[in-house]
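User: I'd like a close look at one strand in the middle of a fold, together with whatever surrounds it. Could you walk me through it in one connected answer?

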Amino acid sequence: MRLKNKIALLCGVGRGMGKAVAMLYAQEGATVVLNARTTTHLEKTASEIKTHGGIVHIMPGDISSKHKADQLVNEVATKIGPVDTLYSAAGGNFDPGKKTPDINSEFWDQTIQNTLNSYFNVTQSIRPIMKENGGGSIVAIAASFNVRQAGNAAYSAAKTGIIGLSGNLAQEFHSDNIRVNTILAGLFRGRIPSNSVEPAEVTLHRTGYPQDIAYAALFLASDESGWITGQSLAVDGGVDIGARDLWKHES
């Protein structure tokens, strides 16, 4: 098992990519802690993980608040143990139909706060814990270039900010043996398996599946990527290199 005896804190866990990552981390031996603002889908994901013998805890909370991010990290460290891997995917507001004139200050602030502020807050909270534990891995979820362009101005700004912040953190956290890497997610319309997480069909000619992100996140969390930091990995089926159109396999 690639994450045996490790503790992974997953923030911003949704019904797709986050769920797949949580399930795969648990399959690979990690104790997983699930965080999001609401508990409904977290409970369902936790139930599925437990059914397959995984160890999982739910700790809901809004990490766009620095105080609540500190509370979350300290609670995990106190009740479960020091975090080895932080998976950060909080955010949202991907809305291709929303053009710049439609973006008011409330939408803009909400997008930046939920995405970029949440990531900043939880990384600041987790750093001393990981440092004391001898290091760790931070895996951030941003978006591929074409997804950022297709979203909207607020979404693009927030996700681009994740990439820039990750690069800076990778440099600053290097002395603490903390790796910081970013996954640039493409479009995903495939459904997550209802049982164990296995690789999707091995072909570039399909839509994206949540497990595509999950296996990339597994590699970056594992010791196999122990000499990799400050990198951005596009998981998008070749869209950003111009091999296909963003919406080609989407319905």
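Please focus on strand S5, residues 136–143. Which strands and helices lie around S5, and which residues does Ile138 touch?

Analyst: Happy to. Please keep in mind that this is a predicted model. I'll begin with the whole chain, move in to S5, and then step back out to the neighbouring elements.

The protein contains 7 helices and 7 strands. Read from the N terminus, the elements follow the order β-α-β-α-β-α-β-α-β-α-α-β-α-β. The C-alpha trace spans about 45 × 40 × 35 Å along its principal axes. For 251 residues, a compact globule would have a radius of gyration near 18 Å, and the 17 Å of this protein agrees with that. Buried residues account for 51% of the 251. Of the contacts with a separation of 6 or more, 73% link residues 24 or more positions apart. The exposed surface comes to about 11600 Å², with carbon and sulfur atoms supplying 50% of it.

Now to the sheet. Its 7 strands form an open sheet in the order S3-S2-S1-S4-S5-S6-S7, with parallel pairing. The edges are S3 (55–58) and S7 (232–235), each of which pairs on one side only. From one strand to the next, the twist averages 20°. In this order S5 sits between S4 and S6.

On the S4 side, S5 pairs with residues 85–88 in the parallel sense, over 4 bridges. Two residue pairs help you find the register: Thr85 stands opposite Ser137, and Tyr87 stands opposite Val139.

How many of the residues of S5 are buried? The count is 8 of 8, so S5 is mostly covered, with buried meaning under 20% relative accessible area. In a regular strand, side chains alternate between the two faces of the sheet. Here Gly136, Ile138, Ala140 and Ala142 point one way, while Ser137, Val139, Ile141 and Ala143 point the other way, and all are buried.

Ile138 is a good residue to zoom in on. It lies in S5, and its relative accessible area is 0%, so it counts as buried. Leaving aside residues up to four places away in sequence, Ile138 touches Leu86, Tyr119, Thr123, Ile126, Met130, Phe173, Ile178, Arg179, Val180 and Asn181. You can sort several of these by element: Leu86 falls within S4 (85–88), Tyr119, Thr123, Ile126 and Met130 fall within helix H4 (105–132), and Phe173 falls within helix H6 (153–173). Ile178, Arg179, Val180 and Asn181 fall within S6 (178–185). For a sense of scale across the sheet, Ile138 and Ile58 are 80 residues apart in sequence and 19 Å apart in space, C-alpha to C-alpha.

Next come the helices. Helix H7 (residues 210–221) packs on the sheet and touches S4, S5, S6 and S7, with a direction that makes about 165° with that of S6. Helix H2 (residues 40–51) also packs on the sheet, where it touches S2 (31–35) and S3, and its direction makes about 165° with that of S3.

H4, which supplies several contacts of Ile138, has a helix partner as well. The axes of H3 (residues 66–79) and H4 come within 8 Å and cross at roughly 35°, and the crossing is right-handed. On the H3 side the contact is made by Lys66, Ala69, Asp70, Val73 and Ala77, and on the H4 side by Asn121, Val122, Gln124, Ser125, Ile126 and Ile129. Ile126 therefore appears in two lists, touching Ile138 as well as taking part in the contact with H3.

On the other side of S4 in the strand order is S1. All 5 residues of S1 (residues 7–11) are buried, so the rest of the structure largely encloses this strand. Ile7, Leu9 and Cys11 point one way, with Ala8 and Leu10 pointing the other. S1 runs parallel to S2, joined by 5 bridges, and Ile7 has Thr31 as its bridge partner there.

Finally, two loop residues may interest you for their backbone angles. Asn93, in the loop between S4 and H4, has a phi near 70°, a positive value in a residue other than glycine. Its relative accessible area is 26%, so Asn93 is partly exposed. Asn177, in the loop between H6 and S6, has a positive phi of about 65° and is not a glycine either.

Technical notes
Residues numbered from 1 in each chain as written. Heavy atoms only, no water. Pairing = 2+ DSSP bridges. Axes fitted to C-alpha atoms, helices over the stretch in contact; angles between N-to-C directions. Contact = heavy atoms within 4.5 Å. Buried < 20%, exposed > 50% of the residue type's maximum accessible area, 1.4 Å probe, protein only. Rg over C-alpha atoms; globule rule 2.2 N^0.38 Å. Areas by Shrake-Rupley, 256 points an atom, 1.4 Å probe, with all protein chains shown as cover. Left-handed = near helix turned anticlockwise from the far one by under 90°.
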